[in-house]
Amino acid sequence: KNMPKLRTLEVGAINTQILRCPWLSVRAIDIKSRHPDIEEVDFFHVPASGEFDVIVNAMVINCVETPEKRGKMLLLLHKHLKNNGTLMLSLPRRCIEQTPKSNSKGGQGKKYRAVNGSPSMSKDILFRILNLIGFEIENCNASPKILFICAVKKKDIPNKSALCGLFGSITDTVTAGSSQQKYHNQEQQHKFGSSGSFAIQFTNDSF
């Protein structure tokens, strides 16, 4: 009852549901506000001061336009949190999972295709990225379409060299339900997927 309200940042707020929670002190932001209580500001322009107990980032990272900016977003989310602060992250399962595709020639059975052309992205790889940034995964649940991740900030300083060098660069080619992966070691670069796929990339400029 006498506990202070949890300082909360909601990124990409589309309604005031979280703003109404009595135990939270919420700063709700969106690049295009739909409500006077939601601040219209670009998340990438908000100075990170490590003041938040909780950050809600729901169905936002999949809307970020480039792999480099997605990597930058994850690093900034980490920087905005206090130590032991909680990140509530959600994204479409299709960004990181393969789904069945019917045989286009009318044959029996199903072939598997990588949604968005990114067979190299997976939940395990995303978890590894979060771990290297400094998060520990506390919980993960899924609905038929959405993955929900609860992660806690446990380390102040991301593992820059590992993030930039993780797996080198992966370029994917997907044809007729099969996939062929080509791996290229590029110094200080990390990329999943090809152009137009869900990918996350870190470079020296990300930090």
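Before we start, one definition: contact here means heavy atoms within 4.5 Å. Keep in mind that this is a predicted model.

Let's take the sheet. It is open, with 7 strands in the order 3-2-1-4-5-9-8. The pairing is mixed. Which strands stand at the edges? Strand 3, residues 39-40, and strand 8, residues 135-142. Each has a single partner strand, so one side of each has no neighbour in the sheet.

Now look at strand 5 and strand 9. Strand 5 covers residues 81-92, and strand 9 covers residues 146-153. They pair in the antiparallel sense, over 7 bridges. To find the register, go to Thr86: Val152 of strand 9 stands opposite.

Next, the helices. Helix 1, residues 67-80, lies across strand 1 (6-11), strand 4 (52-58), strand 5, strand 8 and strand 9. Helix 1 runs at about 145° to strand 5. Helix 2, residues 123-133, packs on the sheet too. Helix 2 touches strand 5, strand 8 and strand 9. The direction of helix 2 makes about 150° with that of strand 8.

How do the two helices meet? Their axes come within 10 Å and cross at roughly 45°. Helix 1 and helix 2 are therefore oblique to each other. The crossing is right-handed. Which residues make the contact? From helix 1, Leu74, Leu75 and His78. From helix 2, Ile129, Leu130 and Ile133. By type, the contact residues divide into 5 nonpolar and 1 polar, with no charged residue.

To recap: an open sheet of 7 strands, with helix 1 lying across five named strands including strand 5, and a right-handed crossing of helix 1 and helix 2.

How values were computed. Residues are numbered from 1 along each chain as its sequence is written. This is a predicted model: local features need pLDDT of at least 70, side-chain atom pairs count only at pLDDT 80 or more; totals for chains, interfaces and linings use all residues. Side-chain values use heavy atoms; hydrogens and water are left out. Two strands pair if DSSP finds at least two bridges between them. Helices (H or I, at least four residues) and strands (E, at least two) are DSSP runs, numbered from the N terminus. Axes are lines fitted to C-alpha atoms, for helices over the stretch in contact, and angles run from 0 to 180 degrees between N-to-C directions. Angles under 35 degrees count as roughly parallel, over 145 as roughly antiparallel, 65 to 115 as roughly perpendicular and the rest as oblique. A crossing is left-handed if the near helix is turned anticlockwise from the far one by less than a right angle, and right-handed if clockwise. Ala, Val, Leu, Ile, Met, Phe, Trp, Tyr, Cys and Pro count as nonpolar, Asp, Glu, Lys and Arg as charged, and the others, Gly among them, as polar.
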